[in-house]
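Student: Mind walking me through this one? I'd like to talk pockets, salt bridges and confidence.

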Amino acid sequence: MLTTTQTDKQNKVSHTPDNVSIKPQRMGFEFGEQVPRYWLDNNYLISHTMNALSVLFPEGEQFFVDSVRAFRDQIQDKKLKDEVRGFIGQEAMHSLEHIAMNQHVRDQGMPVEEMERDLKVILDVARKLPKRHQLAITCALEHITAMMADMLLERDDVREDMHESMRPLWVWHAIEETEHKAVAYDVFQQAGGTYAERAFYQVFSTVALGIVGTWYTGRMVMHDRKHFSLKDAAKGMWRMWGKDGAFSSLIPTWLEYFKPGFHPWDKDNSEVIGRFKAEIEGYIAPQYKNGNRRTLQ
């Protein structure tokens, strides 16, 4: 027999807590000589891994936006419609800020444009799937980004390993990924998405992300091979995948996605947003402090 709480949960369209506001904010981050080449723990491998992840964001987040936008006209709930608008705006801002970071990575001699072209080809293949399956991919990858965001905001050691010139970008991105972590999922539920679809595409998307992420990191490592250090690479692998590693520690959270009644807000970590938001607002460039230019929605 369902409890009142369980019934309310099933009847709700949007599950985003009322104390969470999904609003886009352009930041205007700049990356120049103040950013060290190995900006994360002064480590060759970890820095290239995160640079590779940044290269995925502009094209990847456009895919997310397109997959959610395809169902926007079917949404009747006002709260969820407003959240979709906020989701689209936030993802647009993420793309702009990571384009700036990726230009910095390009200036270091990395083949960013080639990787972006290759990713577009991959995503254009994914766009041939049924619209709801594309949305299932977005839900899967949003779960991965949300659990990485939560890890970054919760773990002082991970944030402290980031150089001060790069940390604000990733903290800001983590805050907004947390704010909108359930929007694609709630749209998927409203679109009639099934457990089989979301479970299959979580496995599919994780494997695809692992392959592409490793491929892109490898390309950056090869372009920077004169600085290769076996000791540095081993340390980086341990920090990411060893005991309590940044990525290995996420495996239990990843598995939660396969629970039949799973929802991204089962873990309400909204309080962590407030903990960092006031601080990160201090990094907004002057031209963006009084609001954003209109975003594509």
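**Pockets, pairs and confidence**

Tutor: Let's start with the second largest pocket, which comes out at about 490 Å³. Keep in mind that this is a predicted model.

Student: Okay, which element gives the most to the lining of the second largest pocket?

Tutor: The lining has 23 residues, and L119, L123, L141, A208 and L209 sit nearest the centre of this pocket. Elements giving two or more residues to the lining are α2, α4, α5 and α9. With 7 residues, the one that gives the most is α2.

Student: And by class, how many residues of that lining are charged?

Tutor: Nonpolar residues account for 19 of the lining of the second largest pocket and polar ones for 3. That leaves the charged class, with a count of 1.

Student: Now the largest pocket: which residues are the closest to its centre?

Tutor: The volume here is about 640 Å³. There are 22 lining residues, and α2, α5, α9, α10 and α11 each supply at least two of them. By class the lining has 16 nonpolar, 6 polar and no charged residues. Closest to the centre of the largest pocket are L209, G210, T214, W241 and F247.

Student: What about enclosed space: which residues line the largest cavity?

Tutor: The count of cavities of 30 Å³ or more is 1, and the largest cavity holds about 30 Å³ of space. Its lining splits into 4 nonpolar, 2 polar and no charged residues. The names are F71, Q74, I75, V187, Q190 and A191.

Student: On to charges. How many salt bridges turn up in the whole structure?

Tutor: Side chains of opposite charge can pair when their charged atoms come close. One such network of salt bridges links D66, R69, K120, D124 and R127. The search of the whole structure gives a total of 23.

Student: Take K235 and D41: how many residues apart in sequence are the parts they tie together?

Tutor: The closest N and O atoms of K235 and D41 are 3.6 Å apart, and the two form a salt bridge. K235 belongs to helix α10 (residues 230-241), whereas D41 is in the loop between α1 (4-11) and α2 (44-69), so the pair ties together parts separated in sequence by 194 residues.

Student: In that pair, is D41 buried or exposed?

Tutor: K235 has a relative accessible area of 40%, so K235 is partly exposed. For D41 the value is 17%, and the cut-off for buried is under 20%. That makes D41 buried.

Student: R219 pairs with D118, right next on my list. Which helices do they lie in?

Tutor: This salt bridge has its closest N and O atoms 2.9 Å apart. The pair ties together parts that are 101 residues apart in sequence, because R219 lies in helix α9 (residues 195-223) and D118 in helix α4 (residues 112-126). So the helices are α9 for R219 and α4 for D118.

Student: And for D150 with K267, how far apart are the closest N and O atoms?

Tutor: D150 is in helix α5 (residues 131-154) and K267 in the loop between α11 (251-256) and α12 (270-281). D150 counts as buried at 11% relative accessibility, while K267 is partly exposed at 45%. Their closest N and O atoms are apart by 2.5 Å.

Student: Last one: where does pLDDT stay under 50?

Tutor: The mean pLDDT is 93, with 94% of residues at 70 or more. One stretch under 50 has 3 contacts beyond four places in sequence, and another has 11. Those stretches are residues 1-8 and residues 293-297.

Conventions
Residues are numbered from 1 along each chain as its sequence is written. This is a predicted model: local features need pLDDT of at least 70, side-chain atom pairs count only at pLDDT 80 or more; totals for chains, interfaces and linings use all residues. Side-chain values use heavy atoms; hydrogens and water are left out. On a 1 Å grid over the protein atoms alone, a cavity is a set of points where a 1.4 Å probe fits but cannot get out, and a pocket is an open set with protein on both sides within 12 Å along at least five of seven lines; lining residues have an atom within 4 Å of a point. Grid points are joined across faces, edges and corners, and a volume is the space filled by probe spheres set on the points. Ala, Val, Leu, Ile, Met, Phe, Trp, Tyr, Cys and Pro count as nonpolar, Asp, Glu, Lys and Arg as charged, and the others, Gly among them, as polar. pLDDT is the predictor's confidence in each residue, from 0 to 100. Contact means heavy atoms within 4.5 Å. A salt bridge is a side-chain nitrogen of Lys or Arg within 4 Å of a carboxyl oxygen of Asp or Glu. Helices (H or I, at least four residues) and strands (E, at least two) are DSSP runs, numbered from the N terminus. Buried means under 20% relative accessible area, exposed over 50%, partly exposed in between (1.4 Å probe, protein chains only).
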